[in-house]
Every structure is written in structure tokens, then in C-alpha cells.
Amino acid sequence: MGAREATETLLMWASVGGGPAVLCDVLRLLRAKRARIGRVLYLMQAEGMPLPAKADLGDVELEQVFVPLSDPTHHTVIHEAVRARVLPRLRSLDGVLHINVSAGTPAMHAVWLVLHAGGAFPEGTRLWSAQRPKHGDSRIDPVEFPIRTYLAEIRRGAAANPSEAQYDPDCRSAARRYALETLARYARLPRAPLLLLGERGTGKTRLVETFVGHLKGRSNVVTVPCGTLDPNLAMSQLFGHVKGSFTGADKEHAGFLAQAQGGVLFLDEVQDLEARVQRQLVRVLQDPKRRFRPVGGTEEKEASAEIVCASHLSLEALRARLDTDLFDRVSLLLVEIPPLRECREDLREDWQRVWREARSSGELPQDAPWNGAMAQALGKSPLSGNLRDLQRLALILMARATGGTGGRWLEEGLAEWQALQARFEAVERKDVQGEGDLGTGTWNERVEAFKQRLARAAHNEHGSYVAAAEALAVSERALREHAKGKKE
Ligand SMILES: Nc1ncnc2c1ncn2[C@@H]1O[C@H](COP(=O)(O)OP(=O)(O)OP(=O)(O)O)[C@@H](O)[C@H]1O
């Protein structure tokens, strides 16, 4: 078979014990399995290891890749070396990649399998296990351990113990790095309530459920989207109730706070809690043991839970919506998660993460598509829906890529996303500016209401009160006061 026809690649370690004979054996056995190997990436731990004779290789091109290993039995050392020296070479491959996992130490086998499970190799990669017994014939068998098995294992582990931080604290943008570093510092403090503010879709919920839970060493994170609590039952939903405490309470109910015992109670959109619940929470927060009384109960219970709150509102708007005592207690430690438009240096990484999560089919590329037009479109979009705008783009592109709409799916999908974005951005602007609705009341009340909307719109447009005040040549304080609806 000529090298021009053969498009498949074999990747394997140079066997220290077996030498070139192992490679020739593997090539022969793969050929018998109808693999059309035209190229071999031959990984060598030390320079000067023997190579097969040209005649034994025939048309197969051999590319030596020197991967120095200080310790070939150490998983981390091997993993790092392979990531740095081998994976970048795989970008240029066409055709199927075959990997012989058998040559090398057990640590090397494990690294191939983990990389495969993590999706580091091109779609369609085949793993092989080759054996050369002292007696009898050599053989090569497919590694029968499908990726799904690993992934299921990883997901099971992650669900039971979400210890992996989803955010990369080494992010590029100064704004996000500052926020994450502050969050990490604060989250390590036991029993200190934490408040996260950030626009919708900046990933607050995910951050609390993974990063904060992990930093606090508490895997049990009970998330309560406060707006979903039933106004009549909110007290019981949060603090529980005893049997018979109200009509329909035919058995005792523990409530979210008790469920978060020893873990984290995450109150998302905390301003949506009704006033009575807010008052009750004040009591819980001022007690280091987090004691509370279930509805209808006489005895207090103790929930040694950490409390984290989040809101998409600005600090000013949150202050206006929360009970003052509650606001004072939950806002002791504040972290503001910046919107994506203030972290554009991280955009490509964010896009890659969102793509990987949204990727629903093995037919789709593992790596998020990227070109100049996309960089430009994403770079200039206000991305007011934050990660959700990226999710929309991923879904539009995926629908086109899998829908058989031809080769221009990327350009056409991008144009479709831009058109939709324009619609959503317009809705967002109207929402902030209250376009078409000039309110009711006296002239002065309407003027005040209008100033409030103007101040909020300026904040939204410029990303912060400082920037908005500078652009409009007004004092930052005045702008904040207007946004709060406070008269001068
Ligand atoms: N690091 C991440 N990588 C990929 N997707 C993410 C990441 N963080 C969050 N997401 C996804 O982005 C979306 C928004 O995240 P999340 O719900 O955590 O944001 P939020 O700030 O709590 O917004 P909202 O209050 O609107 O729910 C979710 O669909 C979530 O799954």
C-alpha cells in the first residue's frame, strides 16, 4: 500500500525492552486489521533509542518525538509531557489516529486512557492493546472500555463530591481574576456570609455550587432560587415545619436550611424572599450556630450551614429591596462578578467551555469553531446575556452543523446569531430605559423616575458608575443617588 493512499496514524511509545521489533509487529497486526497506517509518531523517552530499518517500515513515515521523562512511572510527569509535546502535533492529523497503549509503563497506559476519556484525541481515535507473549503469536486487541464508562464514572464522582473548580483562577482578564481571587479569599473564612452580585448569566450559580462549595470544603450545596418559593409556604420551605402546624401539614418537613446542615445554603436572587422570611433570616444570621425554629415548633434546631446569597441587582438596587438588617448582614463580604464584556480577554476560553458543554453529538467538532469573523462579532457584542449569549451561538451553530445545511454553516450561523442578538439587545435596552413608559404621578415624580432609568441605563451602557459618571460629566455620587431613586 502506498503512503499517499494511507492516511491513518499510529502513535506509540518506543518500547524500551522490545525495541523496533515491537513497532514492526504492531504495524503488521494493524495492517491485518485493515488499518492503513501511513505515519508513525514514535515517542522516545531517551535520545539514541534504536529505530527500525527503513526496509522494515516500507512506505510508512516515521516521525520521532522526543519526550524526556524524569520518571516514567509518575502519572503527572507523563501527563504533562504528553500534553506539552504530543497533543499539539495531533492537530495536523488527517484520518484515524490509532494509539497502542501497551508499550511503556502502567502509568503510561493510564495516561492514554485518561486523555482519551477527557476527549483530548480526535473524534474516532482507536486505542489498541498489543501483546507479544514469549511463546505463541503476538496479538493486538481494541481497548474495550468505552469513553462513556469513564465519563459516567467522572460525573458520578463529581455529583457526589463537586470538588473541581469550574473556573480557572488563572484567567486572563484583570476584572475576573480580581473577583475570583477575592471570592477564594472570602470563601475560605468559616461562618462568614458571602454576597455575590453579577448580571444574569455570569455564572454565579455555577460558581457557588462548584468553586465556593469546594473552597469551603462543603460538597453539600443546597440552592434555593428564592423567586420560586411559594409566598404562603416560604417559611416552611426554608425553615421546615412540625406535624400539624397548619392545615395540610400532616407530617414533619425539614426545610432547605436543615437540608444544608453541614453544607452551604445558597439563596439565589435573595431579594425575592418575602419580608417575613427576610426577618427570620436575620435571626439565623446573627447566631453563629445558625439556630432556627421550624414553623409551629417550640424547640430550636441548629444548622451549621454556611450561607451564600446572590443577586443580579446592583448593590444599590439590592439595598432598596432587602430588609435593612438583612442587607447589613449578608453584605459583609461582597464579590462582584464582572460581565463578559469586561472580561473580553477570557472570551475565547469561555466560548470553548460553553461549546464543550453544549456539544450534544460526537459528529460536532470537540473544539469550538473560531475565526476572525467570530472574534470580531463576539468582540463587539455587548453580550448582555453573558454566558447565555454564547450558549445561543453554540446552539445555532450546532443546529446548522448537524442539520446538513452545507459548508457555510459557520458564516450563516454567525449572521443568524448576530440578528437575534440585535433583537435581544434592543429588548434589554428597553427594559433598562423603560422606553415608551414614562410612568404616572406628578411631573416631579415622573422626572425623578426618568432620571432613575437614565442613571441605570448609563450604568448598563458603561459597565460601572465610575465610567458612566465620567462619560456624562456628572458626579458618580449623583448618578448612584439617581439610580436609587433618591431625590437630590
Ligand atoms: N464555567 C462555565 N462554563 C460553561 N458554562 C457555564 C459556566 N458557568 C456557567 N455556565 C452556564 O451558563 C449559564 C449561566 O450560568 P449561571 O446560571 O450559573 O449564571 P447566573 O449568574 O447564576 O445567572 P442566572 O441568575 O441568570 O441564572 C448556565 O446555563 C450554566 O450552565
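**Helix α7, the two sheets and the cores**

Me: Which strands does helix α7 lie across?
Reply: Helix α7 (residues 204-215) lies across β7, β8, β9 (264-268) and β12 (306-311), and runs at about 165° to β8. Helices (H or I, at least four residues) and strands (E, at least two) are DSSP runs numbered from the N terminus. Axes are lines fitted to C-alpha atoms, for helices over the stretch in contact, and angles run from 0 to 180 degrees between N-to-C directions. Contact requires C-beta atoms, placed from the backbone, within 7 Å.

Me: What sort of model is it, and how are residues numbered?
Reply: The model is predicted: local features need pLDDT of at least 70, side-chain atom pairs count only at pLDDT 80 or more, and totals for chains, interfaces and linings use all residues. Residues are numbered from 1 along each chain as its sequence is written.

Me: What is the strand order in the parallel sheet?
Reply: Five strands form an open sheet in the order β8-β9-β12-β7-β13, with parallel pairing. Two strands pair if DSSP finds at least two bridges between them.

Me: Why is one side of β8 and of β13 left without a neighbour in that sheet?
Reply: β8 (221-225) and β13 (333-336) stand at the edges, and each has a single partner strand, so one side of each lacks a neighbour in the sheet. For β13 the pairing with β7 (residues 194-197) is parallel, over four bridges, and Leu195 has Leu334 as its bridge partner in β13.

Me: Switching topic: how is the six-strand sheet ordered?
Reply: The order is β3-β2-β1-β4-β5-β6 in an open sheet, and the pairing is mixed. Its edge strands are β3 (61-66) and β6 (139-142), each pairing on one side only. β5 (residues 126-131) and β6 pair in the antiparallel sense over four bridges.

Me: And the largest nonpolar core, which residues have the most contacts inside it?
Reply: They are Leu196, Leu265 and Val308, in a core of 66 residues. This core draws at least three residues from each of domain 2 (174-336) and domain 3 (342-429), with bounds from an automatic or database domain assignment. A nonpolar core is a set of buried Ala, Val, Leu, Ile, Met, Phe, Trp, Tyr and Cys residues joined through C-beta atoms within 7 Å. A residue is buried if 20 or more other C-beta atoms lie within 10 Å of its own, exposed if 12 or fewer, and partly exposed in between, with C-beta atoms placed from the backbone.

Me: What does Leu265 touch?
Reply: Not counting residues up to four places away in sequence, Leu265 touches Val222, Val224, Phe256, Leu257, Ala260, Ala305 and Ile307.
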